[in-house]
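Grab a pencil and work through these exercises with the model open beside you. Try each task before you read its solution.

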Amino acid sequence: MKKSTVMMLGTVSAAAIVLTACGGVEAGSKDEVIIYSNADDEAIEVMESTLDEKGYKGKYLIQSFGTSELGGKMMAEGTDIEADIVTMASYFIESAQTSKSMFADISSDLKPLDGGVTYALPILGNVGSIFINTDDVLQQKGLPVPKTIKALTDPAFKDLVSFPNIMDSSTGWLLVQAIIKEYGEQEGQRVLADLINNAGPHIESSGSGPIKKVKTGEVAAGFGLRIQAIDAKEEGLPIEYIDPTEGNFTLTESVAVVDKEGDETLAKEMAKVIATEARNGFLEQYPVALYEGEQVQAEHVPEHLKKWDTTLTVDLLEKHQAFFKEAQK
């Protein structure tokens, strides 16, 4: 989710597939496990290094896709998809399983905090928050420190706030969930419309767009991934993160094994390595506890952690995208 991901189901990106060569294995080899992933570069690096360390170097090939492109392939191809393993936004995996019954059982002794499913294991999580530039803009313009998302609709923030577009970035969904959950659809529509008006040209297609603009002082405040603001603050930049009272919502990504009706032993082994042995590496980049017993540093624990009432699905995403479009009118 740190990279831009177009999430309209069925809209297949024209972007080229990025192939990550692993140990010189040639694409199409019968001895390799094909991994399709929508993860960003940092997460893929963690997967590669962990698999290599555990003796799987030369036995797999990772192909990187945008969320929409991979989601479209999953929903269109089902078990005919070339991949043996998929790492993907959890809501897409659950929707594909409901529609296509395409994943094999990889249940394990792990105990996900959300209860989990037998066909997928969560590997990383992202949390949304507000962040501000305390020196360059907020202080200079005498702006109030926003404690809520609604506070960003104050006319004082006109053209000085940035957030991701839910039509392009899954990070934008964290914002829309928080607004609807807190204010309902009627008032929430007004809050979102005012926020869209205030953002003006600063509605970003990339989930990392807002933090970049807050860093440079182009805007005073933004909404995005909480960890981005924490990292910026640790770099010594005048960035502060704020947990909005509307809630810090979370999106997870999971790993699943495609049911090829054959021997998925090696693929299942690798999937479990990604979910277990790679967790320490994932936690460094995405400090969100996903399993019972996991601990993260106090600063990484959101003050207002909340979740949507029902299971996140592609249908729900499309409904919230329609809500966003209506607020744009």
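A strand here is a DSSP run of E with at least two residues, and strands are numbered from the N terminus. Keep in mind that this is a predicted model.

**Exercise 1. Find where Thr87 sits, and work out why it counts as buried.**

Step 1: Look up the element. Thr87 belongs to strand S4, which covers residues 85–89.

Step 2: Recall the cut-off. A residue is buried when its relative accessible area is under 20%.

Step 3: Apply the cut-off. Thr87 has 0% relative accessibility, so it counts as buried.

Step 4: Check who surrounds it. Leaving out residues up to four places away in sequence, Thr87 touches Ile35, Tyr36, Ser37, Asn38, Ala39, Met47, Leu70, Ile123, Ser254 and Val255.

**Exercise 2. Decide whether the radius of gyration of the protein chain agrees with that of a compact globule.**

Step 1: Get an overview. The chain has ten helices and ten strands, and its C-alpha atoms fill a box of roughly 60 × 40 × 35 Å along the principal axes.

Step 2: Compare the radii. A compact globule of 329 residues would have a radius of gyration near 20 Å, and the chain has 20 Å, so the two agree.

Step 3: Add burial and contacts to the picture. Of the 329 residues, 54% are buried. Among contacts with a separation of 6 or more, 79% link residues 24 or more positions apart.

Step 4: Turn to the surface and the charges. About 13900 Å² is exposed, with carbon and sulfur atoms supplying 46% of that area. The chain carries 29 positive and 52 negative charges, and the mean positions of the two sets are 4 Å apart.

**Exercise 3. Describe how helix H7 packs.**

Step 1: List the buried residues. In H7 (residues 226–234) they are Arg226, Ile227, Gln228, Ala229, Ile230 and Ala232.

Step 2: Find their partners. The buried residues of H7 pack against strands S5 (120–133), S8 (221–225) and S9 (239–242), and also against helices H6 (209–216) and H9 (279–285).

Step 3: Walk off the end of the helix. Just after H7 comes Gly236, with a positive phi of about 95 degrees.

**Exercise 4. Which strands does S6 run parallel to?**

Step 1: Sort the side chains. In S6 (residues 161–164), Val161 and Phe163 point one way, Ser162 and Pro164 point the other way, and all are buried.

Step 2: Take one neighbour. S6 and S8 run parallel and are joined by two bridges; Val161 has Ala221 in S8 as its bridge partner.

Step 3: Take another neighbour. S6 also runs parallel to S7 (residues 203–204), again with two bridges. Opposite Pro164 in S7 stands Glu204.

**Exercise 5. Compare the backbone and the exposure of Ser101 and Asp159.**

Step 1: Start from the general rule. Most residues other than glycine have a negative phi.

Step 2: Read the angles. Ser101 has a positive phi near 45 degrees, and Asp159 has a positive phi near 65 degrees.

Step 3: Place both residues. Ser101 is in the loop between helix H3 (90–100) and S5, while Asp159 is in the loop between helix H4 (134–139) and S6.

Step 4: Use the cut-offs. Exposed means over 50%, and partly exposed lies between that and the buried limit. Ser101 has 52% relative accessibility, so it counts as exposed. Asp159 has 34%, so Asp159 counts as partly exposed.

Technical notes
Residues numbered from 1 in each chain as written. Predicted model: local features only at pLDDT ≥ 70, side-chain atom pairs only at ≥ 80, totals over all residues. Heavy atoms only, no water. Helix = DSSP H or I, 4+ residues; strand = E, 2+ residues; numbered from the N terminus. Buried < 20%, exposed > 50% of the residue type's maximum accessible area, 1.4 Å probe, protein only. Contact = heavy atoms within 4.5 Å. Rg over C-alpha atoms; globule rule 2.2 N^0.38 Å. Areas by Shrake-Rupley, 256 points an atom, 1.4 Å probe, with all protein chains shown as cover. Lys, Arg positive; Asp, Glu negative; His and termini not counted. Charge placed at Lys NZ, Arg CZ, Asp CG, Glu CD. Pairing = 2+ DSSP bridges.
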